[in-house]
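Trainee: I would like to take a close look at one part of this protein. Could you walk me through it slowly?

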Amino acid sequence: MKPILVLQHEVTQGPGVLLDHLESHGLPYHLCMSPLDGRAPVSARDYSGVVVLGSDRSVNDLLPWIEQEHALLQDAVQRHVPVLGHCFGAQLLARSLGASRTLYGPHCLNKGFCLGPHWAFQGHLEVTADSIRQWCDHGRCELEQVYGPAAQDAEHILLGLDQHLSTLHLIARQTYQRWTDQLLERAGVALAQIHMPSLYAGQ
């Protein structure tokens, strides 16, 4: 099976639970920090799937690595290489192909979508308790200034965190299992196609 490409953009927005899933199932992956590397792959040919994590940047920022990731997702769609987007990754996938909504809420009408093997979520299924605490610490000034029915301060975000994460991680494990299952199925088909001619070599 070809490796799964995981694109990370911020130190505080790592693959978290997703990485646990990949490692516990022995799934090969390649972690790429596009902003630090200054570039991203523009072809999905060498990967069985592409995962795009969150970023503090906007998908509309004119940065070389964002345009390269945009080209990568367009190439992945053309090659039928499944894409899984989280937050920024979901927005970039939407920008790359348009979207049919699958999840929505009272404060956010576009929480997720899928198109064939490509899945995207505006939320962060991959988060851990440590990453949320880091986000709250990193964005403390911003959290003190926000208001509205969908806004929470750090105290409310961290209240009952373990209980909320228990539910979220159950959803994350089920989602990652189903998304990576299709990669294994596709790899199985590819291997079958490679080996099939040998069955008829003597005929």
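Trainee: Is His 9 buried or exposed, and at what relative accessibility?

Mentor: Happy to help! Before we start, please note that this is a predicted model, in which local features need pLDDT of at least 70, side-chain atom pairs count only at pLDDT 80 or more, and totals for chains, interfaces and linings use all residues. Residues are numbered from 1 along each chain as its sequence is written, and side-chain values use heavy atoms, with hydrogens and water left out.

Now to your residue. His 9 has a relative accessibility of 4%, so it counts as buried; the word means under 20% relative accessible area, while exposed means over 50% and partly exposed lies in between, using a 1.4 Å probe and protein chains only. You will find His 9 in the loop between strand S1 and helix H1 (16-24). Helices (H or I, at least four residues) and strands (E, at least two) are DSSP runs, numbered from the N terminus.

What does the His 9 side chain meet there? One polar contact, at 2.8 Å, joins it to the side chain of Glu 69. In addition, a polar atom of the His 9 side chain lies 3.3 Å from the backbone oxygen of Leu 53. A polar contact is a pair of N or O atoms within 3.5 Å; within protein, one must be able to donate a hydrogen and the other to accept it, and residues adjacent in sequence count only if both atoms are side-chain atoms. Leaving aside residues up to four places away in sequence, His 9 also touches others, including Met 33, Pro 35, Val 52, Trp 65 and Phe 88. Contact here means heavy atoms within 4.5 Å.

Two of those neighbours deserve a visit. The count of aromatic pairs comes to 1, under a rule that pairs rings of Phe, Tyr and Trp (its six-membered ring) if their centres lie within 6.5 Å, with planes under 30 degrees apart called stacked, over 60 edge-to-face and the rest tilted. The ring centres of Trp 65 and Phe 88 are 5.9 Å apart and their planes meet at 40°, so this pair is tilted. The pair links distant parts of the chain, with Trp 65 in helix H3 and Phe 88 in helix H4, 23 residues apart. Both Trp 65 and Phe 88 are buried.

Phe 88 leads us on to the largest nonpolar core, which has 21 residues; those with the most contacts inside it are Leu 5, Leu 7, Val 50, Leu 73 and Phe 88. Such a core is a set of buried Ala, Val, Leu, Ile, Met, Phe, Trp, Tyr and Cys residues joined through side-chain atoms within 4.5 Å. Strand S1 (4-8), strand S3 (49-52), H3 and H4 each supply at least two of its residues, and H3 gives the most, with 5.

Right beside Phe 88 in the numbering is Cys 87, in the loop between S4 and helix H4 (88-97). Its phi is near 55°, a positive value in a residue other than glycine. Most residues other than glycine have a negative phi. Cys 87 is buried, with a relative accessible area of 16%.

How far can you trust the picture? The chain averages a pLDDT of 86, and 87% of the residues score at least 70; pLDDT is the predictor's confidence in each residue, from 0 to 100. Over residues 196-203 the pLDDT is below 50, and this stretch has 0 contacts in the model beyond near neighbours in sequence.
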